[in-house]
Amino acid sequence: MPQRLTAVDAARGLAVFSMITGHFAEGSVLSWPTHKIPYFDGASAFVLLSGLILGVVHRRWVDRDGGFSTSRERLVRRIAVIYLCQVLLCAVAAVISFALPPARQLGLAPITETSHPLLQVIAMRYLPAGGEILVLYFVLMCGALLLIPLLHKGWWARIVAASAALYVWAILAPPAWFLLPNASPAGATANWAAWQALFVPALVVGWKWQD
């Protein structure tokens, strides 16, 4: 069995602590240590750690198998699970929209008032603001499915450079398709092209970890 990375486990623990204190003790002395760095918290750490661990694990599988069969199968399975979970959450939100008055729907209009209700659910769009985290992971995992064969070819420097350029584009002049849509009044809030700047370089570091 592969040896666990103790430092990564410790970082996961800090990320969990950051998420809990951010939600339930925001602004308190308890939350201060893990919210001192602006724009970086437990959610950011989880995205970074996801890329790192994915790189470490999939490098081992590719090297062991001499190919991508196990790596591809595991990634496709994870992508499918993420998609089904997010569609289930969208469906639950749609059911709630029938049962509760609009003021209690987390800012969502009733599903019957949206255009193409079924499409809203299967396209993972019927979500309250801040509910896009699984959609973000869906996008990042699909990206990993494409990047791992390129990492195997030794293109890690090109991948890091492309990730940095994509981040600059996402910050300076993001097109609409960089934003993950949702049906809340706040509209699209999560910029996948900005978030990938944590995930993709970490994926590269994980891939090169044993080197």
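The legends below accompany an overall view and several close-up views of a predicted model.

**Figure 1. Overall view of the predicted chain, with its secondary structure and confidence.** The secondary structure of the chain comprises seven helices and two strands, and these elements, read along the sequence, follow the pattern α-α-α-α-α-α-β-β-α. Of the 211 residues of the chain, 36% count as buried. The mean pLDDT of the chain is 83, and 85% of its residues reach a value of 70 or more. Among the elements, helix 1, which covers residues 6-24, has the lowest mean pLDDT, at 75, whereas helix 6 has the highest, at 96. Both of these helices appear again in the close-up views that follow.

**Figure 2. Close-up of methionine 19 in helix 1 and its approach to glycine 42.** Methionine 19 belongs to helix 1, the element for which the mean pLDDT is the lowest in the chain, and details of this view may be read with that value in mind. The residue counts as partly exposed, because its relative accessibility is 29%, a value that falls between the limits of 20% for buried and 50% for exposed residues. In sequence, methionine 19 and glycine 42 are 23 residues apart, while in space their C-alpha atoms are separated by 5.0 Å. Glycine 42 is also the residue at which the range of helix 2 (residues 42-65) begins.

**Figure 3. Close-up of the salt-bridge network that includes arginine 59 and aspartate 211.** A search of the whole structure finds five salt bridges, among them the contacts shown in this view. Arginine 59 forms one with aspartate 63, with 2.8 Å between the closest N and O atoms; these two residues are four apart within helix 2 and are therefore separated by about one helical turn. Arginine 59 counts as buried, because its relative accessibility is 14% and the limit for a buried residue is under 20%, whereas aspartate 63 is partly exposed at 40%. The side chain of arginine 59 also meets that of aspartate 211 in a salt bridge, at 3.3 Å from N to O. Arginine 59 lies in helix 2 and aspartate 211 in the segment after helix 7 (192-207), so this pair ties together parts of the chain that are 152 residues apart in sequence. Aspartate 211 counts as exposed, with a relative accessibility of 60%, and it forms a further salt bridge with lysine 208, in which the closest N and O atoms are 3.7 Å apart. Lysine 208 is partly exposed, with a relative accessible area of 33%. Through shared partners, the salt bridges join Arg59, Asp63, Lys208 and Asp211 into one network.

**Figure 4. Close-up of tryptophan 155 with two charged side chains over its ring.** The charged end of lysine 153 sits over the ring of tryptophan 155, at 5.3 Å from the ring centre. Arginine 158 likewise lies over the face of tryptophan 155, at 4.5 Å from the ring centre.

**Figure 5. Close-up of the nonpolar surface patch that includes valine 168.** Tyr167, Val168, Ile171 and Leu172 form a nonpolar patch on the surface, and together they have about 410 Å² of accessible area. Valine 168 is placed in helix 6, which covers residues 156-172 and has the highest mean pLDDT among the elements of the chain. With a relative accessible area of 44%, valine 168 is partly exposed.

**Figure 6. Close-up of the aromatic cluster of Trp169, Trp177, Phe178 and Trp192.** The count of aromatic pairs comes to six. In one of them, the ring centres of tryptophan 169 and tryptophan 177 are 6.0 Å apart and the ring planes stand at 80°, so the pair is edge-to-face. Tryptophan 177 also pairs with phenylalanine 178, again edge-to-face, with 4.6 Å from centre to centre and 80° between the planes. The residues of these pairs vary in accessibility: tryptophan 169 is partly exposed at 41%, tryptophan 177 counts as exposed at 55%, and phenylalanine 178 counts as buried, because its relative accessibility is 0%. Ring pairs link these residues and Trp192 into a cluster.

Definitions and conventions: Residues numbered from 1 in each chain as written. Heavy atoms only, no water. Patch = residues over 30% accessible without salt bridge, like charges linked within 9 Å, V, L, I, M, F, W, Y side chains within 5 Å. Areas by Shrake-Rupley, 256 points an atom, 1.4 Å probe, with all protein chains shown as cover. Salt bridge = Lys/Arg side-chain N within 4 Å of Asp/Glu carboxyl O. Buried < 20%, exposed > 50% of the residue type's maximum accessible area, 1.4 Å probe, protein only. Phe/Tyr/Trp six-rings, centres within 6.5 Å; stacked < 30°, edge-to-face > 60°. Lys NZ or Arg CZ within 6 Å of the ring centre and 35° of its normal. pLDDT = per-residue confidence, 0-100.
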